[in-house]
Amino acid sequence: LYIVDFTARIQVYDRDGHYLDRGWTTPDYRNGRPSGLSIDRDGNLIVSDSHYHCFRIYSPDGKELRRIGGKAGTGPGELGYVSDVVQDAEGNYYVAEFGENQRITKLDPDGKFLFSWGSYGTEPGQFSRARALALGPDGNLYVADACNHRIQVFSLDGKLVRCFGEPGSEPGQLQYPYDLAFNKAGVLYVVEYGNHRVQKFSADGQPLGCWGGPGRAPGQFHCPWALAIDSRGKVHVLDT
């Protein structure tokens, strides 16, 4: 498990929570710390260096292999606050941005700009703080549209497929979804910062159950920020 914290360190643990005595820090964090983490198709770590308008590719032992982006702005190839990045099987990158840019940007395997989509707003296809991304077993891109309290699903060419979720605390409703991940069976798990819980969905958005709730006892959450599913199907939640 790779965990980034507010000291800008990426620390490495085994699945049982034992620290493996290795970790590293991004080159500069005076402007702010990185947020998103994901694994690329080669098993390397993608670190969203959010406040530096770029993402960095690291080997599992922390060697920086490349940096993509770095120029702030709203134009093609420029990036705003980078919240999360995922890579598809063809090597293309999908970059979630918010702040000045409320959009998804697609880059080719070399990091060259292909196109982007989205804008600020509440209509389908618009975003209000796209917090995290996940590639689904159906080949679509799932976006945690946090401040719109929903999940939006797009084809890899940026076409809207569907949305699900609405503000609330009932099953099927969402309150600030901050991260999402699929297990091997194609079940989607969503962590809700606002509802202090994890919720399960089918890939088409049908609620399958939820657990957690506000509190500090084991099994409860207080502002959970992210989750990851390991190779055995266990769900690890960052209870910030």
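The exercises below work through one predicted model, from the whole chain down to single residues.

Residues are numbered from 1 along each chain as its sequence is written. Since the model is predicted, local features need pLDDT of at least 70 and side-chain atom pairs count only at pLDDT 80 or more, while totals for chains, interfaces and linings use all residues; side-chain values use heavy atoms, with hydrogens and water left out.

**Exercise 1. Describe the chain as a whole: which secondary structure does the chain have, and what is its radius of gyration?**

Step 1. The chain has zero helices and 21 strands. Both are DSSP runs numbered from the N terminus: helices are H or I with at least four residues, strands are E with at least two.

Step 2. The radius of gyration, taken over C-alpha atoms, is 17 Å. The globule rule, 2.2 Å times the number of residues to the power 0.38, gives 18 Å for 240 residues; the two values are close, so the chain is as compact as a globular protein of that length.

Step 3. The C-alpha trace spans about 45 × 40 × 30 Å along its principal axes.

Step 4. Of the 240 residues, 50% are buried. Buried means under 20% relative accessible area, exposed means over 50%, and partly exposed lies in between (1.4 Å probe, protein chains only).

Step 5. Among contacts (heavy atoms within 4.5 Å) with a separation of 6 or more, 38% come from residues 24 or more positions apart.

**Exercise 2. Work out the open sheet of four strands: what is its strand order, and which strands stand at the edges?**

Step 1. The order is S16-S17-S18-S19, with antiparallel pairing. Two strands pair if DSSP finds at least two bridges between them.

Step 2. The edges are strand S16 (177–182) and strand S19 (207–212); each has a single partner strand, so one side of each is left without a neighbour in the sheet.

Step 3. On average, neighbouring strands of this sheet are turned by 20 degrees against each other, direction ignored. Such angles run from 0 to 180 degrees between N-to-C directions, with axes as lines fitted to C-alpha atoms, for helices over the stretch in contact.

Step 4. Strand S18 (residues 197–201) is joined to S19 by five bridges. Lys200 has Gly209 in S19 as its bridge partner.

**Exercise 3. Follow strand S12 into the core: how many residues of S12 are buried, and which strands supply the largest nonpolar core?**

Step 1. In strand S12 (residues 130–135), five of the six residues are buried, so S12 is largely enclosed by the rest of the structure.

Step 2. S12 pairs antiparallel with strand S13 (residues 141–145) over five bridges, and Leu135 is opposite Leu141 in S13. The two strands form a hairpin with five residues between them, and Gly139 in the turn has a positive phi of about 85 degrees.

Step 3. The largest nonpolar core has 14 residues, of which Tyr142, Ile151, Phe164, Leu180, Leu188 and Val190 touch the most other members. Such a core is a set of buried Ala, Val, Leu, Ile, Met, Phe, Trp, Tyr and Cys residues joined through side-chain atoms within 4.5 Å. At least two residues of this core come from each of S12, S13, strand S14 (150–154), S16 and strand S17 (188–192).

Step 4. Apart from this core lies another, of eleven residues, including Ile104, Trp117, Leu133 and Val143.

**Exercise 4. Characterise Ser35: is Ser35 buried or exposed, and which residues does Ser35 touch?**

Step 1. Ser35 sits in the loop between strand S3 (19–25) and strand S4 (37–39).

Step 2. With a relative accessible area of 16%, Ser35 is buried.

Step 3. The Ser35 side chain has polar contacts with the side chains of Ser50, at 2.7 Å, and of Arg131, at 3.1 Å. A polar contact is a pair of N or O atoms within 3.5 Å; within protein, one must be able to donate a hydrogen and the other to accept it, and residues adjacent in sequence count only if both atoms are side-chain atoms.

Step 4. Not counting residues up to four places away in sequence, Ser35 touches Val4, Ser48, Ser50, Tyr81, Val82, Ser83 and Arg131.

**Exercise 5. Place Asp21 and His53: where does each residue lie?**

Step 1. Asp21 lies in strand S3; His53 lies in the loop between strand S5 (45–49) and strand S6 (54–58).

Step 2. Asp21 is not a glycine, yet has a positive phi of about 60 degrees. His53, also not a glycine, has a positive phi of about 60 degrees.

Step 3. Asp21 is exposed, at 65% relative accessibility, whereas His53 is partly exposed, at 22%.
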